Amino acid sequence: MDFALSDEERAVRDTVRAFITREVMPLEAEVLRRERAHQPGLDHSEVRELQLKARKFGFWGLATPEEYGGMNLPAVLQSLIWTELGRTFVPFRFGGEADNILFHATEEQKREFLIPTIEGERRSCFAITEPGAGSDAANIRLSARRDGDDWILDGEKTFITGGHDADFAIVVAVTDREKGARKGGATAFLVDRSMGWRSEFIQTMGEGGPASLIFDGVRVPHRNILGEIGQGFTLGMEWIGKGRYTIPSHAIGIAERVLQMAIDYANTRETFGTKIGTNQAIQWMIADSETELEAARWLVLRSAWTVDAGLDPRHASSMGKLYGAGMVNRVVDRVLQIHGGMGYTRELPIERWYRQVRLYRIFEGTDEMQRLIISRDLLRGYTKIGGHLA
Ligand SMILES: Cc1cc2nc3c(=O)[nH]c(=O)nc-3n(C[C@H](O)[C@H](O)[C@H](O)COP(=O)(O)OP(=O)(O)OC[C@H]3O[C@@H](n4cnc5c(N)ncnc54)[C@H](O)[C@@H]3O)c2cc1C
């Protein structure tokens, strides 16, 4: 068994680390300052500038196929890169990306939606959640009714990331109530903002925020259906599946960064005439954090490896998402504790991470939904204990 990175994996990881350290981390103080003034940490043009700089290093479209100018990297490499991105709270992502399900677009849709999204000229959002349907996504109600060559969309989506900025939304709507969403009754539509939907920003405990999207008789041409009629729920699950290993990969990067901060602080802060790191209470928090971080790393890398191996990744990625999200919450909490009162201030970014990572246990499948999937797989015999080694 070989747990080492290949030469290529190490080279890519180190290049990304160097880029993040040199180009992105120096922006942290300014990002904190702006966020405290209730402004976005970086504006779109600044993110774009960084993305174009990264493109010169060859980092463009991590998951995007080569025919669209991307790198089409294996999931393990993408996971390693998401971990590097997690090491800074600067809201930066590599450019050249598009929602994975946009690649199901027709040639015409690709020209109108996919290519401009990859090039950063248009912004998308993905909308399945509704006020009455989150974990139970199959319970969506936003309806699409056929009217000649068009469909009329009525209803509301909520908690949509990027929904207040997006130029267009990928909306999963009910096209056949009798069948139900899971059994072919839902369809995905590409809906330009100019077609008439409105967005309302939602304040959250994190920086930035999602939005509600309101559809009040929005007319969408038939040619804007993404994929097939009735395929909407399957596409939605495909979209969500991607986040099941990228979110915990990001969590690992955050945990690595904050744990190092805790170690540095424990080696310098003195109480009762000695460094706090000499106390077993502090040592145990560091030891537990490192152990859980390492456990999450291998769960998540295995779930990414499962994708690359062409195996069904759902069970492994639910375990990675569940454990990775919980791990980063526990680690950030301990690191805040080790920093005492300073950890609670806005002079340090720890409280910011504390608010940010709370989301990781909620979006793209709550902890409870991951547990439901894992236990159901076992109880119904879809998966054996021991995974691919069983
Ligand atoms: C910041 C943010 C960004 C988001 N971005 C997007 C986005 O881009 N697109 C999008 O479509 N959605 C997005 N979401 C929505 C997100 O996926 C949902 O919030 C999430 O799936 C949970 O749904 P809910 O909020 O309706 O909670 P509910 O489904 O109402 O659940 C409430 C609680 O009950 C628990 N629960 C529910 N059912 C069960 C059960 N059977 N057994 C045990 N416990 C259960 C849940 O785990 C949770 O703890 C986002 C959410 C947030 C907060």
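The following exercises, with worked solutions, concern a predicted model and its ligand.

Residues are numbered from 1 along each chain as its sequence is written, and side-chain values use heavy atoms, with hydrogens and water left out. Because the model is predicted, local features need pLDDT of at least 70 and side-chain atom pairs count only at pLDDT 80 or more, while totals for chains, interfaces and linings use all residues.

**Exercise 1. Describe the two annotated domains.**

Step 1. An unreviewed UniProt entry gives "domain: Acyl-CoA dehydrogenase/oxidase N-terminal" for residues 6-121. The same kind of record, also unreviewed, places "domain: Acyl-CoA oxidase/dehydrogenase middle" at residues 125-196. UniProt positions are in the numbering used here, feature names are shortened, and annotations may be inferred rather than shown by experiment.

Step 2. Residues 6-121 are 55% helix and 0% strand, with end C-alpha atoms 35 Å apart. Residues 125-196 are 0% helix and 46% strand, with end C-alpha atoms 15 Å apart. Helices (H or I, at least four residues) and strands (E, at least two) are DSSP runs, numbered from the N terminus.

**Exercise 2. Determine whether R13 and L379 are buried or exposed.**

Step 1. R13 belongs to helix α1 (residues 7-24), and L379 lies in helix α11.

Step 2. Buried means under 20% relative accessible area, exposed over 50%, and partly exposed in between (1.4 Å probe, protein chains only).

Step 3. R13 is buried because its relative accessibility is 15%. L379 is exposed because its value is 74%.

Step 4. Apart from neighbours within four places in sequence, R13 is in contact (heavy atoms within 4.5 Å) with L5, L80 and E84. For L379, the C-alpha atom is separated by 20 Å from that of D136, 243 residues apart along the chain.

**Exercise 3. Characterise the surroundings of the ligand.**

Step 1. Of the 17 residues around the ligand (a heavy atom within 4 Å), T129, S135, F159, T366 and E368 come nearest.

Step 2. Three pairs of polar atoms (N or O within 3.5 Å) can be listed:
- a polar backbone atom of I128 and a ligand oxygen atom, 2.9 Å;
- a backbone N or O atom of F159 and a ligand nitrogen atom, 2.8 Å;
- a polar side-chain atom of T161 and a ligand nitrogen atom, 2.8 Å.

Step 3. The ligand taken alone exposes 980 Å², of which the protein buries 64%; accessible areas come from the Shrake-Rupley method with a 1.4 Å probe.

Step 4. The elements giving two or more residues to the shell are β1 (124-127), β3 (150-160) and α11 (367-379).

Note on methods. A polar contact is a pair of N or O atoms within 3.5 Å; within protein, one must be able to donate a hydrogen and the other to accept it, and residues adjacent in sequence count only if both atoms are side-chain atoms.
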